[in-house]
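Work through the exercises below with the sequence and the model side by side. Try each task before reading its solution.

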Amino acid sequence: QRGIHTSTAPPWLLTAVRLKYTPVLTKDPPLGGQRTTSTFVLDQPRCVFEDYGNADIWLVVALDRAASTFNNTARPGSPETAFQSFPKPVRAYMTLNATLVSYPCPKPAGDITVLRVGSETSCAQDVMRPTCNGPLPGPGPYRVKFLALEGSVPVAETEWSKPITLIEGRAVRSPSSISTKSSASMIAITTILSILFAILLAGLVAMLVFWSSDSCGGSSTFSKPESVTVRRYNTHHVYDQPAARL
């Protein structure tokens, strides 16, 4: 960032030229969308500050209701315009300073021509970086304008944008509500499982009783083994035969 010098000009002479340009949300948003819960994307002010080549061009982000009371003589990086104190007590902060070199006119082919407001998370709590482009603290609405300073003297400014409202995040249910609903669900599931287990157990008992009665009450038939008759045979040998007659 370029050095900021204190001006000795009286306040009534520090009137910036009002340029006929109004900042707008880009119609061709990059990945991430035109608006999120903490950021929004603007078109760069190309071909707007061509007559102010020696100026630093700042983006002023204000609460909608505080835009009309913003003091152009407030110094960037001062406690009066520090991001870390926004939105209370600071009602408008200054960020994304650039020189005219950053906004060439006409736009070279392939140039990125948008600014994502609220994209820096690393410096959001760092009081040593009061001009941090940190995440916006709520849905708004907000208004923005570009302000050109030569040293600390405001020399040109754009119109304020229309109110910009961010996407609101989904409401988070309270822990007690989540706990109550979880307990009710668990009770219902436990009851259903208990009923199913009782039915299964009753079925098993009935099957055991049926099998037991069928085994004990049925008639059993025992067959008497048939007697086995063994015939006796005489073996005729030579010594049994009568002596041969001569």
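**Exercise 1. Find the handedness of the disulfide between Cys47 and Cys105, and place both ends in the chain.**

Step 1. Look at the torsion. About the S-S bond of Cys47 and Cys105 it is about 100°, so this disulfide is right-handed.

Step 2. Check the bond itself. The sulfur atoms of Cys47 and Cys105 lie 1.6 Å apart. A disulfide here is a pair of cysteine sulfur atoms within 2.5 Å.

Step 3. Place the ends. Cys47 sits in the loop between strand E2 (40–43) and strand E3 (56–63). Cys105 sits in the loop between strand E4 (92–98) and strand E5 (114–117). The two cysteines are 58 residues apart, so the pair links distant parts of the chain. Strands (E, at least two residues) and helices (H or I, at least four) are DSSP runs, numbered from the N terminus.

Step 4. Check exposure. Cys47 has 42% relative accessibility and therefore counts as partly exposed. Cys105, at 35%, is partly exposed too. The classes are buried under 20% relative accessible area, exposed over 50%, and partly exposed in between (1.4 Å probe, protein chains only).

A note on the source: this is a predicted model, where local features need pLDDT of at least 70, side-chain atom pairs count only at pLDDT 80 or more, and totals for chains, interfaces and linings use all residues. Residues are numbered from 1 along each chain as its sequence is written, and side-chain values use heavy atoms, with hydrogens and water left out.

**Exercise 2. How many disulfides does a search of the whole structure find, and what is the pairing?**

Step 1. Count. The search finds two disulfides.

Step 2. Take the link of Cys123 and Cys132. Their sulfur atoms are 1.9 Å apart. The angle about the S-S bond is 75°, and the link is right-handed.

Step 3. Check cover. Both Cys123 and Cys132 are buried.

Step 4. Number the bonded cysteines in sequence order. The pairing reads 1-2, 3-4.

**Exercise 3. Work out the strand order of the open sheet of five strands.**

Step 1. List the elements. The protein chain has one helix and seven strands. Along the sequence the pattern is β-β-β-β-β-β-β-α.

Step 2. Recall the rule. Strands of a sheet pair through backbone hydrogen bonds, either parallel or antiparallel. Here, two strands pair if DSSP finds at least two bridges between them.

Step 3. Start from strand E7 (residues 153–157). Strand E1 (residues 17–18) runs parallel to E7, joined by two bridges. Val17 has Ala156 in E7 as its bridge partner.

Step 4. Go to the other partner. Strand E6 (residues 142–150) and E7 pair in the antiparallel sense over four bridges. Leu147 stands opposite Glu157 in E7. The hairpin of E6 and E7 has two residues between the strands, and Gly151 takes a positive phi near 70° there.

Step 5. Write the order. It is E1-E7-E6-E3-E4, with mixed pairing. E1 and E4 are the edge strands, each pairing on one side only.

**Exercise 4. Is E7 mostly covered or mostly open, and what share of the protein chain is buried?**

Step 1. Take the strand. E7 is mostly covered, with four of its five residues buried.

Step 2. Take the chain. Buried residues make up 30% of its 246 residues.
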